[in-house]
Amino acid sequence: MAKSLVDSMQMEVRSKQPCRKELDFVVPAETVKSEMDKVLREFAYAISIPGFRQGKAPAAMLKSKYANEIRQELERKIVYAAFELAGKDGSLDIVSCGIEGEPKLEFDKEFKFTLGADTAPEFELSDYKAIKVKEELDAVTDEQIDERVKFYRTMYGNYAEVAGPAQKDDMLKVSYKSDFVLPEDASAALKRQVEAENTFLWLSDPETIPGCTAALTGAETGKEYTFKAEYPADYREAALAGKTVEYTVKVEGIQRRTELSDEELAEKARVKSIAEFRDMLRKAMEQENAAKQHNATVEKVYEELDKAIAEFELPPSILAAEVQKELQKMAREVVKSEEDAEKFKADLEENKKKAEEAAKKLLRRTFILRRIARDENIKLEESEVDTQLREMSRYYGYKEKEFRSMLEKNGGMDDIQLDMLSNKVLNHLAAMATR
């Protein structure tokens, strides 16, 4: 019985450095020829050549006319088989793998190539099953409920005209203009952003115009105010991103929320009485406390686990990629203007150090939990992933199919599944620690 492509290949493993292996493969010439014949038959049936029936075109003609395409498909099949062979016996815990250099495959010769593989770090796990944590659930007090009721009285309150200076969280009726020169193809949204008549500005976050809360707190009806708005570099309207725009705002009215009465609040919440509303709040707040306590337990368990495990090497290429992701995350959080961008560049070396520290901490956590998942046989079910994607797509306002496709294209699917697996392991550890 003929050997399969995987069984016909030879593999030699070389250790380049901790968490890095070089896998040298040799594919015998007769195996290359056998696999090439299979590819040729596939091409013969897939391609129409004038003068020949489907699947009957001569091999020599196909090799001459489609040499590059045939070589690429043959290389793809061989490299895929190499991936399979590398993980076949489970001795290599490979977390990423890629071909090194540009090996040249020839149809009538043996094929040699090397895969560079990042492998999971090796370390001694502590006795994580012995970790114990005591849970102490905080009781919900009447004073906390009073504060929450007051919050809802204000949040659901109605706006009413007021005299005197504007305060934070007020709603101002205004007309404004700016010194921004609109492009000819300006959208309606951009036009409204730089000039508007008889509109409303809320002196609260998120701000409609950057800086309006600070500039207009204390404003009075009938007066004009001028201030500069600094738009962040990632602002949704590209024409304004990173720009500083001067606004002149005329305040035409000030409205403020008034607190609801007990009866009004109960009606707004669709309950019979304020007592029923307070009971509903108590249950919700108890659930919040339980969730906070669970999160605290999870972190305490991991803290104990982390302390008991010695430092270990991390895969170099994965660490480098994670450092870049952390650096980009830092930039998104702090760079809101051209000035911020220049400062970020000036402090780049320091920012890289912070990014590397965060990346190492994250990867260490990931590999520890990944190892426990393997030892405890904790896996993600397809239904769990589907449910998570369904909830995320609703939250972000996408159709589920579009959201999944977007994640698969940008590589986000692996990150989500890894986060889900880590959380599943942490919940498992927390359950053991609190028994």
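Modeller: A helix here is a DSSP run of H or I with at least four residues, numbered from the N terminus. The model is predicted. Met406 falls in such a run, helix α14 (residues 400-410).

Biologist: Why is Met406 called partly exposed?

Modeller: Its relative accessible area is 31%. Buried means under 20% and exposed means over 50%, so 31% falls in between.

Biologist: What makes Met406 eligible for a surface patch, and which residues make that patch with it?

Modeller: A patch residue needs over 30% relative accessible area, and Met406 has 31%, so it passes. Tyr395, Tyr396 and Tyr398 join Met406 in a nonpolar patch of about 480 Å².

Biologist: On to the rings. How many aromatic pairs are there?

Modeller: The structure holds 14. One of them is Tyr152 with Phe277.

Biologist: What makes Tyr152 and Phe277 a pair, and which geometry does it have?

Modeller: Their centres are 5.8 Å apart. The limit is 6.5 Å, so the two rings pair. The planes stand at 80°, and over 60 degrees counts as edge-to-face, so that is the label.

Biologist: Which parts of the chain does this pair tie together?

Modeller: Tyr152 lies in helix α5 (residues 142-155) and Phe277 in helix α9 (residues 274-307). The pair therefore ties parts that are 125 residues apart in sequence.

Biologist: Are Tyr152 and Phe277 buried or exposed?

Modeller: Both are buried. That puts each under 20% relative accessible area. Ring pairs also link Tyr152 and Phe277 with Phe151 and Tyr156 into a cluster.

Biologist: How do you know which label fits the pair of Phe227 and Tyr247?

Modeller: The angle between the planes is 15°. Under 30 degrees counts as stacked, so this pair is stacked. The centres lie 5.9 Å apart, within the 6.5 Å limit. Phe227 is in strand β8 (residues 224-230) and Tyr247 in strand β9 (residues 244-258), 20 residues apart. Both residues are buried.

Biologist: Which residue of strand β9 has its side chain in a polar contact with Asp170, and what makes that a contact?

Modeller: Arg256, placed in strand β9. Its side chain reaches the side chain of Asp170 at 2.9 Å. The cut-off is 3.5 Å, so the pair qualifies. A polar atom of the Arg256 side chain also lies 3.3 Å from the backbone oxygen of Pro165.

Biologist: Where does the charged end of Arg71 sit?

Modeller: Over the ring of Phe107, 4.8 Å from its centre. The distance limit is 6 Å, so 4.8 Å meets it. The charged end of Arg371 sits over the ring of Phe123, at 5.2 Å from the centre.

How values were computed: Residues numbered from 1 in each chain as written. Predicted model: local features only at pLDDT ≥ 70, side-chain atom pairs only at ≥ 80, totals over all residues. Heavy atoms only, no water. Patch = residues over 30% accessible without salt bridge, like charges linked within 9 Å, V, L, I, M, F, W, Y side chains within 5 Å. Areas by Shrake-Rupley, 256 points an atom, 1.4 Å probe, with all protein chains shown as cover. Salt bridge = Lys/Arg side-chain N within 4 Å of Asp/Glu carboxyl O. Helix = DSSP H or I, 4+ residues; strand = E, 2+ residues; numbered from the N terminus. Buried < 20%, exposed > 50% of the residue type's maximum accessible area, 1.4 Å probe, protein only. Phe/Tyr/Trp six-rings, centres within 6.5 Å; stacked < 30°, edge-to-face > 60°. Lys NZ or Arg CZ within 6 Å of the ring centre and 35° of its normal. Polar contact = N/O pair within 3.5 Å; in protein donor to acceptor, adjacent residues only side chain to side chain.
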